[in-house]
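Subject: Structure for you to look at

Hello,

Here is the structure I said I would pass on. Please open it first, then read the notes below it.

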Amino acid sequence: MGVIIHNESAKQKALQSEKPSMLFVTLVSIVAALGGILFGFDIAVVSGAVEFLQQRFSLSEFQVGWAVSSLIVGSVTGAALSGYMSERIGRKKVLLAAGFLFVVGSICSAIQDSFTGYVIFRMIGGVGIGITSTICPVYNAEIAPAKYRGRLVALNQLAIVTGIFLVYFQNSWIVSLGDEAWGVSTAWRWMFGVGAVPGLIFMLLMLFIPESPRWLIKQNRPYEALPILLKIHGEEAAKQEVRDIKESFKNENNSFKQLFTPGIRVALFIGIALAVMQHITGINAILYYAPVIFKGMGLGTDASLTQTIWIGLINVLFTIVSVWLIDKAGRKVLLMIGTSLMTLCLIIIGAAFKMGLTTGPLVLIMILIYVASYAISLGPIVWVMISEIFPNRIRGKAVAIASMALWAGDYLVSQAFPPLLGSAGPSSTFWIFGAISLFVVVFIWRQVPETKGRSLEQMENMWLGK
């Protein structure tokens, strides 16, 4: 009897040791996800600065779009380089380099006296953003236990929207410090320059997190990966994880042909499609140009920036809801609910502009519901899915391609929105986004699988039909 009790006690202790160390994993994931703060800061800071830039440099409508989208051109480049660089030198070193580029881009774009100089350094900062947007979710997906992977990867999106929200406050506060002339000469410089602070914090904290264990195993350094996996999984599960990861790399080669093998090409197509759809449903038209939209409704500069803060707050709150639900409800359910509501809101917003109902609260309410719907669906879940659906051996390349597609969609919207708004008018513009959102609903329903609860190695077997 004493032996039985002793054995049961030993088993219980063993089981307890196998529980994921969520404190360690969460802290590491939060640090990596802080790259999202940089992402959110840089894509949203221009929303408060764009009108000042237009006056300071006498910009045309096309140049206004370029003032916003120049960052995105750099981001496409960063995303393109990120896969190769992260495979060669590791996730951690690449993220440190990205933080440095962000700091340089923030400071130097703020001190320029020519539009060309501003554009060049926005592109340099954009390279850093393209890298973090690709590698931060990949890093978190590679270090997280399958059971909690959704919410830990979604921390990246929570960091992004937190960065956006903080920037809206920052822009509003900076504008309040002076008059219109001060805004044109100085305020926009402070808006961009402050970005160096989160960039430096990110670089400092990155020094204290480990390298991705999956990357270490891929580099034939399992002895370095095992202590990290022990902290995450416990002894037996960590050893099994090492074996599974090694097995998943057996058929690896460096050819891009692997991306187009049966099964894997379906995953690549879905990843690219989701990445593009995250932006072409119009979210960045609202995030980048919210003050312009609200001023077009008759609001002054201060009031339009205040309304923009509401957008940032809703974005943060409902991203938190998504982080809480993503591993419970699943990815596909949240995507279907969110994109359906987005479609409805865009149609109503277009109708409100068509019928001249923009002076009341209707448009603001619909925009807030639209942002909330995006925040529980396409915002965080696309980043989760493109970081988890690809096999270990091609994840770096595949995520880089999907991220390039994501930034291309972002560029298309940010560059096209000002002239589209000017030529087609707000009602037609929002109806176009509504039609695209309806297509996204159908695509998700028909093509996107549920990935909740599957390990990264099980995901590969799913695509290969094993």
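Is W407 buried or exposed? W407 is buried, because its relative accessible area is 0%, and the cut-off for buried is under 20%. Please keep in mind that this is a predicted model.

Aromatic pairs

W407 also belongs to an aromatic pair, and the structure holds 11 aromatic pairs. The rings of F39 and W407 have centres 5.0 Å apart, and their planes stand at 40°, so this pair is described as tilted. F39 sits in helix α3 (residues 35–57) and W407 in helix α19 (residues 395–424), so the pair links distant parts of the chain, 368 residues apart. F39 is buried too, with a relative accessible area of 4%.

The rings of F165 and F169 also have their centres 5.0 Å apart, but here the planes are at 75°, which makes the pair edge-to-face. Both residues lie in helix α7 (residues 149–175), 4 residues apart, or about one turn of the helix. F165 is buried at a relative accessible area of 15%, whereas F169 counts as partly exposed at 43%.

There is also a cluster: ring pairs link F57, F115, Y118, W188 and F192.

One further ring has a charge over it. The charged end of R446 sits over the ring of W445, at 5.7 Å from the ring centre.

Salt bridges

Side chains of opposite charge can pair when their charged atoms come close. A search of the whole structure finds 9 salt bridges. One of them joins the side chains of D113 and R189, with 2.8 Å from N to O. D113 is in the loop between α5 (91–110) and α6 (115–143), and R189 is in helix α8 (residues 180–193), so this salt bridge ties together parts that are 76 residues apart in sequence. What is the relative accessibility of each partner? D113 has 56% and counts as exposed, while R189 has 18% and counts as buried.

R331 and E388 form another salt bridge through their side chains, at 2.9 Å from N to O. R331 lies in helix α16 (residues 331–354) and E388 in helix α18 (residues 378–388), so the pair ties together parts 57 residues apart in sequence. R331 is buried, at a relative accessible area of 0%. E388 is buried as well, also at 0%.

R221 forms a salt bridge with E224, and the closest N and O atoms are 2.8 Å apart. Here R221 is partly exposed, with a relative accessible area of 26%, and E224 is partly exposed, with 30%.

Some salt bridges are joined up: E87, R91, E142 and K218 are linked in a network of them.

Surface patch

Which residues form a nonpolar patch on the surface? The patch is made of V197, I201, L204, L205, L207 and F208, which together have about 600 Å² of accessible area. One of these residues, L204, is found in helix α9 (residues 196–206).

If you want a place to begin, find W407, which is buried, and then its ring partner F39 in helix α3. After that, look for R331 and E388, whose side chains meet in a salt bridge.

Regards

Terms used: Residues numbered from 1 in each chain as written. Predicted model: local features only at pLDDT ≥ 70, side-chain atom pairs only at ≥ 80, totals over all residues. Heavy atoms only, no water. Salt bridge = Lys/Arg side-chain N within 4 Å of Asp/Glu carboxyl O. Helix = DSSP H or I, 4+ residues; strand = E, 2+ residues; numbered from the N terminus. Buried < 20%, exposed > 50% of the residue type's maximum accessible area, 1.4 Å probe, protein only. Patch = residues over 30% accessible without salt bridge, like charges linked within 9 Å, V, L, I, M, F, W, Y side chains within 5 Å. Areas by Shrake-Rupley, 256 points an atom, 1.4 Å probe, with all protein chains shown as cover. Phe/Tyr/Trp six-rings, centres within 6.5 Å; stacked < 30°, edge-to-face > 60°. Lys NZ or Arg CZ within 6 Å of the ring centre and 35° of its normal.
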